Structure formats: C-alpha cells, structure tokens
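Open the model in your viewer and keep the sequence panel beside it. Each stop below gives a selection and then says what is there.

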Amino acid sequence: MRLTGKTAIVTGAASGIGQAVALRFLAEGAHVAGFDIDDAGLNETRALSGASEVFFPIACDLTDPSQVERAAAEAIAQLRRLDVVFNGAGASGRRWGDGPVDACTVDGWRRTLDVNLTSIFLVCHTTVPHLLAAGGGSIINLSSVLGIVGGDADFATHAYAAAKAGIIGLSRAMAVYYAPHRVRVNVIAPGLIATPMSRRVQENERIQQRLAHLQPLTGAMGAPKDVAAAAAYLASDDAAFVTGVVLPVDGGWTAW
C-alpha cells in the first residue's frame with residue numbers, strides 16, 4: 001500500500017500497460033483518474049479494479065490540447081490534488097505509414113509523433129502546474145527499448161523510435177528543471193510486452209524464436225504487470241531520491 005493517500009492520472013488506462021498500471025496503483029492505495037480514447041476499455045478497467053469509487057474514467061483524445069485540458073480539469077475536480085502522472089498512452093505507427101525512414105510517409109511520421117510524443121507533452125504541460133501546487137510529485141513517462149537502441153528489419157518503425165527517444169530527452173530535461181520543485185521525472189523503457197499493441201509480434205513465429213536472444217532473462221515476452229511494478233516503485237516514496245532515470249524493463253534486451 002505504498003501509494004495510500006496519493007492521487008494519480010494514468011493515460012492509456014483502457015488496456016495493456018496503462019491498464020495494468022492503473023490497477024496496480026489502485027491496489028497500492030491510490031485514487032486514479034484514467035485517461036484514454038477508448039471509453040469502453042476504461043469501463044472495463046473500472047470493473048476489473050473492484051474499486052469504482054476511487055477510479056475515475058475520463059475519455060479523451062490525448063492529441064487534442066482542448067480535450068487534454070478538459071480531462072485534466074475533470075480529474076483534478078475528482079481527485080482534489082495531484083501527486084503522480086503516468087503517461088502510458090501510445091501506439092504503433094505502422095497503420096499510418098511508419099516504417100524505415102526512406103519509406104515512412106510524412107503523414108505517418110506526423111501522426112506517430114503526435115500520438116506517442118506530443119500527447120505526453122500536452123499531458124505534462126497541463127498537469128505540471130498541479131504537481132507544483134501540491135509541493136512536488138512524480139511523473140513517469142513510457143518510452144521503449146527502441147528509444148535507446150536501434151531496431152533491425154523486424155522493428156523498423158523510425159517515427160516510433162524517434163518519438164520514444166524524444167520522450168527520454170523531454171523527461172531528462174524536465175527532471176533537471178523541476179528537481180528544485182520536488183517534481184521527479186523518470187522513464188520506463190519496456191522491451192516486448194504481451195499487450196494488444198504487440199499482437200503482430202505475438203503472432204510472428206520468427207520474432208518469437210528470437211526472444212531467447214532479444215530478452216535472454218526469460219526468453220519470452222514480458223507481462224504488463226512487470227511494467228506496472230516498476231511504475232509503482234517510481235510513483236512511491238521508495239523512489240524519493242530518484243529522478244532523470246531511464247529504467248529498462250526488457251528482460252536484458254539493452255544489456256547487450
């Protein structure tokens with residue numbers, strides 16, 4: 001119950017890692033406002049939590065500044081104050097034309113950066129004043145191993161990699177700037193995690209056979225709860241002296 005008495009906003013809370021983080025924060029005692037474009041998924045999270053009185057689902061498009069402002073205002077009205085922000089919303093850009101830089105479409109580039117990087121800027125832009133007003137807090141931004149190391153042909157989505165690297169740069173800059181105000185900013189960089197977003201990998205036999213090399217700790221994909229456990233630590237007072245960190249949760253991928 002490390003988060004008892006704390007309040008949190010979790011984006012991407014309708015499924016996958018974001019849902020797991022919202023459920024873990026609730027289990028650790030926090031009150032949580034969940035942001036996602038998927039209203040039905042948010043209601044599923046609320047049902048799974050068994051704590052509907054302390055989970056507040058707020059449907060919004062995180063690439064729309066006006067919707068983010070509205071969602072943040074609604075969250076603060078419910079939570080009364082803000083201690084933690086977990087930015088977990090994101091998506092593969094393949095559907096929009098992401099790929100190797102010579103093949104990535106301009107629209108694919110823009111849409112992928114909007115969903116994965118601009119959305120985090122908008123949420124931070126809107127919520128940091130509330131953290132400052134509370135006397136400090138914790139921001140945890142979800143990146144990827146592809147924001148740290150290059151991906152070969154199996155992972156050649158260059159707009160996505162650029163967005164995830166941008167999250168690391170933004171987070172470190174924020175960590176330094178806001179440290180005197182007791183706002184901690186950290187990054188989690190997952191490897192391959194079994195979520196709806198990674199279905200392509202889960203169904204690709206060749207990539208599955210590579211897991212023993214890519215993620216040698218288990219030779220398998222990680223689970224959303226693995227990332228949620230790391231997020232709970234970074235959100236808690238156990239990490240009171242931790243800021244500007246990029247924490248890989250990747251089964252050893254980036255250790256090579």
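The tour goes from helix packing to an aromatic pair, then to single residues.

**Before you start**

This is a predicted model, where local features need pLDDT of at least 70, side-chain atom pairs count only at pLDDT 80 or more, and totals for chains, interfaces and linings use all residues. Numbering runs from 1 along each chain as its sequence is written, and side-chain values use heavy atoms, with hydrogens and water left out.

**Stop 1: α1 and α8**

Select residues 16-27 for helix α1 and 224-235 for helix α8. Helices (H or I, at least four residues) and strands (E, at least two) are DSSP runs, numbered from the N terminus. The two helices pack at an angle of about 50°, with their axes 8 Å apart. Axes are lines fitted to C-alpha atoms, for helices over the stretch in contact, and angles run from 0 to 180 degrees between N-to-C directions.

How do α1 and α8 lie to each other? They are oblique. Under 35 degrees counts as roughly parallel, over 145 as roughly antiparallel, 65 to 115 as roughly perpendicular, and the rest as oblique. α1 passes α8 in a right-handed crossing; that is, the near helix is turned clockwise from the far one by less than a right angle, while anticlockwise would be left-handed.

Now show side chains. On α1, pick Gly16, Ile17, Ala20, Val21, Arg24 and Phe25. They meet Pro224, Lys225, Val227, Ala228, Ala229, Ala231, Ala232 and Ala235 of α8. Contact means heavy atoms within 4.5 Å. The residues of this α1 and α8 contact divide into 11 nonpolar, one polar and two charged. Ala, Val, Leu, Ile, Met, Phe, Trp, Tyr, Cys and Pro count as nonpolar, Asp, Glu, Lys and Arg as charged, and the others, Gly among them, as polar.

**Stop 2: α1 and α2**

Keep α1 and add helix α2, residues 39-49. Here the packing angle is about 35°, and the axes are 10 Å apart. α1 passes α2 in a right-handed crossing. From α1, select Gln19, Ala22, Leu23 and Leu26; from α2, select Gly41, Glu44, Thr45, Leu48 and Ser49. By class, this α1 and α2 contact has four nonpolar, four polar and one charged residues.

**Stop 3: an aromatic pair**

Rings of Phe, Tyr and Trp (its six-membered ring) pair if their centres lie within 6.5 Å; planes under 30 degrees apart count as stacked, over 60 as edge-to-face and the rest as tilted. By this rule there are two aromatic pairs. Select one of them, Tyr177 and Tyr178. Their rings are edge-to-face, 4.9 Å centre to centre, with 85° between the planes. Is Tyr177 buried or exposed? Tyr177 is exposed, at 57% relative accessible area (buried is under 20%, exposed over 50%, partly exposed in between; 1.4 Å probe, protein chains only).

**Stop 4: two arginines with positive phi**

Go to Arg80, in the loop between α3 (65-79) and β4 (84-87). Arg80 has a positive phi of about 80° although it is not a glycine. Arg80 is exposed, at 72%.

Next, Arg182, in the loop between α5 and β6 (183-190). Its phi is near 65°, a positive value in a residue other than glycine. Arg182 is exposed, at 60%.

**Stop 5: two glycines**

Select Gly166 in helix α5, residues 158-178. Gly166 is partly exposed, at 23%. Measure from its C-alpha atom to that of Leu117: 6.8 Å, though the two are 49 residues apart along the chain.

Finish at Gly252, in the segment after β7 (246-249). Gly252 is partly exposed, at 22%. Leaving aside neighbours within four places in sequence, Gly252 is in contact with Leu214 and Pro216.
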